[in-house]
Amino acid sequence: MAENENTLNPTPNLDQLETGPWPSFITGYKDYFKRTGKTMVRGVLDQLNYSYETKMGYWKGGVVGVHGYGAGIISRYSMIPELFPEAKECHTMRIQPAPGLHYTSKHLREICDIWEKYGSGMISMHGQTGNLQLQGIVQDNVQECFDDLNKLGWDLGGAGATVRTGASCIGPARCEMACYDTLEAHHRVLTYFTDLVHRPQLPYKAKFKFSGCPNDCCNSIQRSDYSVIGTWRDDIQVDEAEVKNYLDDVGVAYFVNNVQMRCPTNAITLNEDQASITIDNSSCVRCMHCINVMTKALSPGKDKGITLLVGGKGHLKVGNMLGSVMVPFMKLETDEDYDAFTDLIDEMIDYWAENGLDHERIGETIERVGMQQFLDAVGLDAIPDMVKQPRDNPFFKADYEAAG
Amino acid sequence: MAKREYQTVESGPKHHGEMLHPVIKKNYGQWKYHERPRPGVLKHVAESGDAIYTVRAGTHRQVTVDIVRFLCDIADKYCEGHLRWTVRNNVEFVTDKEANVEPMIKELEAAGHPVGGTGNSVSSLAHTQGWLHCDIPATDASGVVKSLMDELFHDFTHEEMPNRVRMSTSCCEINCGGQADIAIVVQHTRPPRINHEILKNICEMPSTVARCPVAAIRPTTVNGQPSLMVVEEKCIVCGACFGACPAMEINHPDYSKLAIWVGGKNANARTKPSNMKLVAHGLPNNPPRWPEVAEVVKKILAAYKEGGRDWERVGEWIDRIGWKAFFEQTGLPFDKFMIDNYRHARSSFNQSTHIRF
């Protein structure tokens, strides 16, 4: 195939993905190839078509990096370069986006120009961890491409046994429910752990995700080792006039069936006047439902902070784990608050780095050594918020001092 | 390598401050409430009285610089050059000018970006890399999403479900796509096929042994060379070893299947966060359109749309009607493989007389 020849090879399997109303990435790739003649794009399409034909994948990893870092480039070599030499090398650069995945067109255009100069021009917006993934570059171009991006203030994200790129919901930028500054927290915490992002030195991956409220829009509890979820500890704010307006709009039956009865702890009472409500805040578990439904009438309280849940992760290797509560409430506003937060995480990461087995996430380490030992190690006291219930297994052994 | 003149700055994540729309900056943390004027559009009102409109549109997720530049053109024309992405790979444009909303929608839709994904819609699928770029995939991901979203297009552009529906798809059992109301995950069905010729050269054997969650991998000698073996009775075909050792090929063109899981939810709203549960398995891995998967997904969505009450997520609807009714209403068969036999399985058994007849 001649260099820069603007002709694609037949891809009968992929062509079938060009029909239908949803945007087709195949058409996107083809259009881009036709404009630029980037041979790697054609090679990727050819290999992907072959995968569709044979129902097998043909990429393998390796080691590709930039000066001084041990992570951030996902290397991909074709297993069948003799068939698809144009896609022989096709590495991904993971770039840490700004918190909340906010961009300006100016910044994105700069990235696009650099990426078209050095790479394939293919991008994943975004990877499941939140990286801006520039897909398709050869090793010889990696350093220069990174240098140009880094000069504009962009940095690589994590890969392998590192702290990974963080994720955050839109937070106070556009959401009335945000109970802390998710974007600022994301930026500060990931900047603090930058060394651990770039240089693999942990048992396995460690992820932070920052959600502004218990709706957990960035899916932190299932997808991050350190799940930081906004909450409040005083009373739900009630706008009495808007409550009345809401009741007038939807009627009492809808309110009872969809707000009052859906409260998980029966904390809401409709008053006799049928135009106002009483909330038993001591029963409220801050689930967000009533606030989600009555956006004008109800808001989170004023004394806001975070709940820290630790140990969430996906399948590998012992199955799904949700993060569990380590700190029910802490403020995250001042420099001192942030120091207290990162000090605590430092303790946890240190313990895990010392005691975790190879390829073990912190949730698995905690499960293996036991929560009691973990709490002792990181200096947290046991509190009822950490459990759904006390143990119901009668076989246990207390310390001699505690047993008396 | 030539001497490097440039010294890397370990800058960490780019700061968001320079990315935010001026009206967002002005009202940062001061938002009062929001409304949804139409599917795909949000209106947020600040304490100051300022209002902003968000237009949310679907994307290919696997895009090119040309597609990104087009979206930048839209942002320049209507949003003072600001845009953002969501965790489900939708793109969002924020403007304080209501008059910009309709023309922006028209322009996005004309370019093939459907506007929707808000409220009680089926938003785009979270997904993995698949055959396009992953090193351990048994199926594709972007192709599955394209195929499914073609089928669910109406549900993306309309808010007709009882509550929001979040979906994901994953190209191997490690499930990077994640938990969701409906999750499509590869199901390996055979133990790995071991390539003893290359194993000792490309795999670190102790870490491969350690990777197995059920201790099914053992050292052995094959043709006088050190290698590994798998105790088939113990193996749970998770594929974890393949990630550490590509000589243990878990993927198979015929025996890698797809399974459907439901009821995953990360929000704390009403009910606590929950993991997904298995409701269909052994579906063929059938590119380029995976029709058998789409059929099951559509059955589940149709039953949920029909029977779910306001605000119930898929898992909450099932909790109310019970699993027996779920299988009846969706027409999906229940079989013994849906009974957990892994760690803590007993906690998933019905330890009560709570039974619906």
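Student: Buried means under 20% relative accessible area, and exposed means over 50%. So where does His359(A) fall, buried or exposed?

Tutor: Buried. His359(A) has a relative accessibility of 11%, which is under the 20% cut-off. Keep in mind that this is a predicted model.

Student: Where does His359(A) sit in the chain A fold?

Tutor: In the loop between α12 and α13 of chain A.

Student: What about the phi of His359(A)?

Tutor: Phi is near 70 degrees, so the sign is positive, and His359(A) is not a glycine. For context, most residues other than glycine have a negative phi.

Student: Which residue in chain B has a positive phi without being a glycine?

Tutor: Ala215(B) is one, with phi at about 50 degrees. Ala215(B) lies in the loop between α7 (205–211) and β11 (217–222) of chain B.

Student: How does Ala215(B) count for accessibility?

Tutor: As partly exposed, because its relative accessibility is 45%. That value is between the 20% and 50% cut-offs. His359(A), by contrast, counts as buried.

Student: Back to the helices around His359(A). How do α12 and α13 of chain A pack?

Tutor: Their axes cross at roughly 70 degrees and come within 10 Å. Helix α12 covers residues 335–355, and helix α13 covers residues 362–369. The two are therefore roughly perpendicular.

Student: Which residues meet there?

Tutor: From α12(A), Met348(A), Tyr351(A), Trp352(A) and Asn355(A). From α13(A), Ile362(A), Thr365(A), Arg368(A) and Val369(A). The contact has 5 nonpolar residues, 2 polar and 1 charged.

Student: And in chain B, how do α10 and α11 pack?

Tutor: At an angle of about 110 degrees, with the axes 6 Å apart. Here α10 is residues 314–321 and α11 is residues 323–330. That angle falls in the 65 to 115 range, so α10(B) and α11(B) are also described as roughly perpendicular.

Student: Which side of that contact has which residues?

Tutor: α10(B) brings Trp317(B), Ile318(B) and Ile321(B). α11(B) brings Trp323(B), Ala325(B), Phe326(B) and Gln329(B). By class, that is 6 nonpolar, 1 polar and no charged residues.

Student: New topic, the cores. Which residues touch the most other members of the largest nonpolar core?

Tutor: Met93(A), Phe93(B), Ile260(B), Val297(B) and Phe326(B). The core has 111 residues. Phe326(B) also takes part in the contact between α10(B) and α11(B).

Student: Where does that core lie relative to domains 1 and 2 of chain A?

Tutor: Between them. Domain 1 (12–58) and domain 2 (60–151) of chain A both give residues to the core, so it lies between the two.

Student: What is Met93(A) in contact with?

Tutor: Setting aside neighbours within four places in sequence, the partners include Ile73(A), Trp115(A), Leu132(A), Leu134(A), Ile137(A), Phe146(A) and Leu156(A). Gly72(A) and Gln133(A) are also among them.

Student: How many residues are in the second core?

Tutor: 46, and this core is separate from the largest one. Val310(A), Leu332(A), Ile349(A) and Phe242(B) are among its members.

Student: What domains does chain A have?

Tutor: The assignment gives domain 1 (12–58), domain 2 (60–151), domain 3 (167–233 + 304–386) and domain 4 (237–299). Domain 3 is written as two segments. The centres of domains 1 and 4 of chain A are 51 Å apart, taken over C-alpha atoms.

Student: How many helices and strands in chain A? And in chain B?

Tutor: Chain A has 15 helices and 16 strands. Chain B has 11 helices and 15 strands.

Student: What do the C-alpha traces span, chain A and chain B?

Tutor: About 80 × 60 × 40 Å along the principal axes for chain A. For chain B, about 75 × 75 × 35 Å.

Student: What share of residues is buried in chain A, and in chain B?

Tutor: In chain A, 60% of 404 residues. In chain B, 59% of 357.

Student: Last one, backbone again. Where are the cis peptide bonds in chain A and chain B?

Tutor: One joins Met125(A) and His126(A), with omega at about 0 degrees. His126(A) is in the loop between β6 (122–125) and β7 (132–137) of chain A. Another runs from Pro287(B) to Pro288(B), with omega near 5 degrees. Pro288(B) is in the loop between β15 (277–283) and α9 (291–307) of chain B.

Technical notes:
Residues are numbered from 1 along each chain as its sequence is written. Chains are lettered from A and ligands numbered from 1 in the order in which they are written. This is a predicted model: local features need pLDDT of at least 70, side-chain atom pairs count only at pLDDT 80 or more; totals for chains, interfaces and linings use all residues. Side-chain values use heavy atoms; hydrogens and water are left out. A nonpolar core is a set of buried Ala, Val, Leu, Ile, Met, Phe, Trp, Tyr and Cys residues joined through side-chain atoms within 4.5 Å. Buried means under 20% relative accessible area, exposed over 50%, partly exposed in between (1.4 Å probe, protein chains only). Domain bounds come from an automatic or database domain assignment. Contact means heavy atoms within 4.5 Å. Axes are lines fitted to C-alpha atoms, for helices over the stretch in contact, and angles run from 0 to 180 degrees between N-to-C directions. Helices (H or I, at least four residues) and strands (E, at least two) are DSSP runs, numbered from the N terminus. Angles under 35 degrees count as roughly parallel, over 145 as roughly antiparallel, 65 to 115 as roughly perpendicular and the rest as oblique. Ala, Val, Leu, Ile, Met, Phe, Trp, Tyr, Cys and Pro count as nonpolar, Asp, Glu, Lys and Arg as charged, and the others, Gly among them, as polar.
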